[in-house]
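Biologist: I would like to go through the labels in this model one at a time. Please set each value against its cut-off.

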Amino acid sequence: MKSTTTAEAPKKTFLDIPNAAGLAGFSVRHFRRIIEDERIRVLEIGRKFFILSADFDRWQVNNQRSKAN
């Protein structure tokens with residue numbers, strides 16, 4: 001029998017707006033403004049909005065670069 005222990009939790013594919021805002025360190029209201037201003041792609045599934053984790057990661061990398069300059 002194989003033991004499947006992993007050091008890190010699996011990465012979510014989709015992030016809802018409140019969770020993405022928390023990860024980024026912003027309030028939900030402010031993060032919605034960031035989404036509009038910086039044009040972070042948002043997907044609507046049913047009546048809820050989600051951000052792909054790859055898009056969120058890309059935004060974080062770009063955001064860190066702009067702070068460094």
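Biologist: Why is Asp 55 called buried?

Modeller: The relative accessible area of Asp 55 is 9%. Buried means under 20% relative accessible area, exposed means over 50%, and partly exposed is in between, with a 1.4 Å probe and protein chains only. Asp 55 at 9% is therefore buried. Before going on: this is a predicted model, in which local features need pLDDT of at least 70 and side-chain atom pairs count only at pLDDT 80 or more, while totals for chains, interfaces and linings use all residues. Residues are numbered from 1 along each chain as its sequence is written, and side-chain values use heavy atoms, with hydrogens and water left out.

Biologist: Where is Asp 55 placed?

Modeller: Asp 55 sits in helix H3, residues 53–68. Helices (H or I, at least four residues) and strands (E, at least two) are DSSP runs, numbered from the N terminus. The chain has three helices and three strands, in the order β-α-α-β-β-α along the sequence.

Biologist: What makes the contact of Asp 55 and Arg 41 a salt bridge?

Modeller: A salt bridge is a side-chain nitrogen of Lys or Arg within 4 Å of a carboxyl oxygen of Asp or Glu. For Asp 55 and Arg 41 the N to O distance is 3.1 Å, so the pair meets the rule. The two are 14 residues apart, with Asp 55 in helix H3 and Arg 41 in the loop between H2 and strand S2 (43–45).

Biologist: Which other side chain meets Asp 55 in a salt bridge?

Modeller: That of Arg 58, at 2.7 Å, N to O. Arg 58 and Asp 55 both lie in helix H3, three residues apart, about one turn of the helix. Arg 41, Asp 55 and Arg 58 are thus linked in a network of salt bridges.

Biologist: Why is Arg 58 called partly exposed?

Modeller: Arg 58 has 47% relative accessibility, which lies between the two cut-offs, so the label is partly exposed.

Biologist: How many aromatic pairs are there?

Modeller: The count is five. Rings of Phe, Tyr and Trp (its six-membered ring) pair if their centres lie within 6.5 Å; planes under 30 degrees apart count as stacked, over 60 as edge-to-face and the rest as tilted. One of the pairs is Phe 26 with Trp 59, at 6.5 Å centre to centre and 65 degrees between the planes. That angle is over 60, so this pair is edge-to-face.

Biologist: What does the pair of Phe 26 and Trp 59 tie together?

Modeller: Parts that are 33 residues apart in sequence, because Phe 26 lies in the loop between helix H1 (17–24) and helix H2 (28–38) and Trp 59 in helix H3. Phe 26 is partly exposed at 28% relative accessibility, whereas Trp 59 is buried at 7%.

Biologist: Why is the pair of Phe 31 and Phe 56 called tilted?

Modeller: Their ring centres are 6.3 Å apart and their planes at 55 degrees, which is neither under 30 nor over 60, so the pair is tilted. Phe 31 is in helix H2 and Phe 56 in helix H3, 25 residues apart. Phe 31 is buried, with a relative accessible area of 0%, and Phe 56 is buried at 3%. Ring pairs link Phe 26, Phe 31, Phe 56 and Trp 59 into a cluster.

Biologist: What share of the chain counts as buried?

Modeller: Of the 69 residues, 22%.
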